[in-house]
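Please open the structure in your viewer and keep the selection tool at hand. The tour proceeds stop by stop, each beginning with something to select.

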Amino acid sequence: MNGCGLRIGGRTLREAARASCRMSDSLSSTCLSGCILTWCLTTTSVWAADPADADARKLRFIFITTCVEEEFFVPVKKGMTDAARLMGVESVFTGTVGVDVKAQAEMVRQALRDGYDGIALNIIDPAAFDAVAEEARDQGVPLVAFNVDDHATSNARLSAVCQRYHEAGRKVGRRCAEYIPAGSHILMTQHAAGVSALDDRLRGQQEELGPRGITWTTVVTGNTAAEALEVVTRQLRKNPKIEFVVCTGQADTEGAGLAIEQHFRDRGVVAAGFDLNPQILRLIQAGIIRFTIDQQPYTQGFYPVMQLTLVKRYGIMPSSMDAGAAVITADQVDGVLRLTEQHYR
């Protein structure tokens, strides 16, 4: 839900727009949309700081994530830092070490108490952050989602910059179906439980592979490549018939590739998954990982800072952005590797 999905005085914006325009239920959706747009344009001032105040002090933003120490967030932080420097604002990056939605929600409340001007939140659960998003809105603090968004239910966040995870999962499933024989049993991995993005990717993969008679064992590997290496090694030793590992995140994709390289290369096992780092690209080049999906994490740090700055300074309401699902194969590695090492990809 975007900023025009807010509740105002106990009513949804749609209800408020009807009342404001004195419309009946029989009026056209086009007319109603026009009234909603008018309402949005006349209420954005709730977010915008006084221009004189914006000039007098530097705006302060905070990014709050799950699994804060994951390597994946290095380019997110670079995007955030670059955008903050460009816009003349301050921005910090923090979060929980593991998946702990209660602790993460409390970090949002602490950010409100600490007086941050805007919040970027990794919304890994469709319901756990609804209350704190409303609290931020009620205090006039804009909150946007990054990396993972709550697509399924209403939420007071203004926008989201993230991949469309279910669609990306289906894309991986279709690609994998080109080389996984019908009737195969495969290993499917998630680096953490309780993260909606990983659940969505896995569901999309299974929706494509299941109708082809492919079955699977699913495991949670842990949030580091070293943990994933051990878990994948154990699973592949347990079932020597498994020749394909389909992953949903960076740590398990890298760990699966390393497990295959160290123990199962002669068996012909291959993997596919998500995200970029130099190790994953090396394993793609070696033919161990068939392909990976780039969700362009740099943009997930860069654009939320731009959006928060614009809404605070000028009342310009943000729009959601799809961070993408680019397929990276061996023939693209050379062009991507340098940018990955510089934390742009």
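Begin by selecting Asp275 in this predicted model. Is Asp275 buried or exposed? With a relative accessibility of 4%, Asp275 falls under the 20% limit and therefore counts as buried. The residue is found in the loop that connects strand 11 (270-274) with helix 11 (278-285). Its backbone also deserves a look: the phi of Asp275 is near 80 degrees, a positive value in a residue other than glycine. Most residues other than glycine have a negative phi.

For a second case of this kind, move to His343, in the segment after helix 13 (333-341). The phi of His343 is likewise positive, near 70 degrees, and the residue is not a glycine. The surroundings of His343 leave it partly exposed, at a relative accessible area of 34%.

**Strand 11 and its neighbours**

Return to the loop of Asp275 and step back into strand 11. How many of the 5 residues of strand 11 are buried? The count is 5 of the 5, so the strand is largely enclosed by the rest of the structure. Colouring the two faces separately shows Val270, Ala272 and Phe274 on one side, with Ala271 and Gly273 on the other, and all of these are buried.

Next, display the strands on either hand. Strand 10 (residues 244-246) runs parallel to strand 11 and is joined to it by 3 bridges; here Val246 stands opposite Ala272. Strand 12 (residues 289-294) is also parallel to strand 11, again through 3 bridges, and in this pairing Phe274 faces Ile293.

Now widen the selection to the whole sheet. It is an open sheet of 6 strands in the order 9-8-10-11-12-14, with mixed pairing. At its edges stand strand 9 (215-220) and strand 14 (326-328); each has a single partner strand, so one side of each lacks a neighbour in the sheet. From one strand to the next, the twist averages 20 degrees.

Two helices should be added to this view. Helix 10 (residues 250-264) lies across strand 8 (185-190), strand 10, strand 11 and strand 12, and runs at about 165 degrees to strand 11. Helix 11 packs on the sheet as well, touching strand 11, strand 12 and strand 14, and its direction makes about 140 degrees with that of strand 12.

**The parallel sheet**

Select the strands of the other sheet to be visited. This open sheet of 6 strands has the order 4-3-5-6-7-13 and parallel pairing. Strand 4 (90-95) and strand 13 (321-322) are its edge strands, each pairing on one side only. Within the sheet, strand 3 (residues 60-65) and strand 5 (residues 118-121) run parallel and are joined by 4 bridges. Selecting Phe63 shows that it stands opposite Ala120 of strand 5.

Then bring in helix 4 (residues 73-87), which lies across strand 3, strand 4 and strand 6 (143-147). Relative to strand 4, helix 4 runs at about 160 degrees.

**Helix 5**

The next selection is helix 5 (residues 101-113). At 1.5 Å a residue, its 13 residues should span 18 Å, and the end C-alpha atoms are 19 Å apart, which agrees. Which residues of helix 5 are buried? They include Gln104, Ala105, Val108, Ala111 and Leu112. Viewed down the helix axis, the buried residues fall within an arc of 110 degrees, so they line one face of helix 5. That buried set packs against strand 3, strand 5, helix 6 (130-138) and strand 6. Turn the helix over, and the face directed away from the buried side carries the exposed residues Lys102 and Arg113. Just after helix 5, Gly115 takes a positive phi of about 85 degrees.

**Two cysteines**

Finish by selecting Cys176 and Cys247 and showing the distance between their sulfur atoms. How many disulfides does the model contain, if the two sulfurs must lie within 2.5 Å? The count comes to 0. Cys176 is in no disulfide, and the nearest cysteine sulfur, that of Cys247, is 9.0 Å away. From the side of Cys247, the closest cysteine sulfur is that of Cys176, at 9.0 Å, too far for a bond. Cys176 is buried, with a relative accessible area of 0%, and Cys247 also counts as buried, at 0% relative accessibility.

Notes:
Residues are numbered from 1 along each chain as its sequence is written. This is a predicted model: local features need pLDDT of at least 70, side-chain atom pairs count only at pLDDT 80 or more; totals for chains, interfaces and linings use all residues. Side-chain values use heavy atoms; hydrogens and water are left out. A disulfide is a pair of cysteine sulfur atoms within 2.5 Å. Buried means under 20% relative accessible area, exposed over 50%, partly exposed in between (1.4 Å probe, protein chains only). Two strands pair if DSSP finds at least two bridges between them. Contact means heavy atoms within 4.5 Å. Axes are lines fitted to C-alpha atoms, for helices over the stretch in contact, and angles run from 0 to 180 degrees between N-to-C directions. The expected span of a helix is 1.5 Å times one less than its number of residues. The arc is that of the directions from the helix axis to the C-beta atoms.
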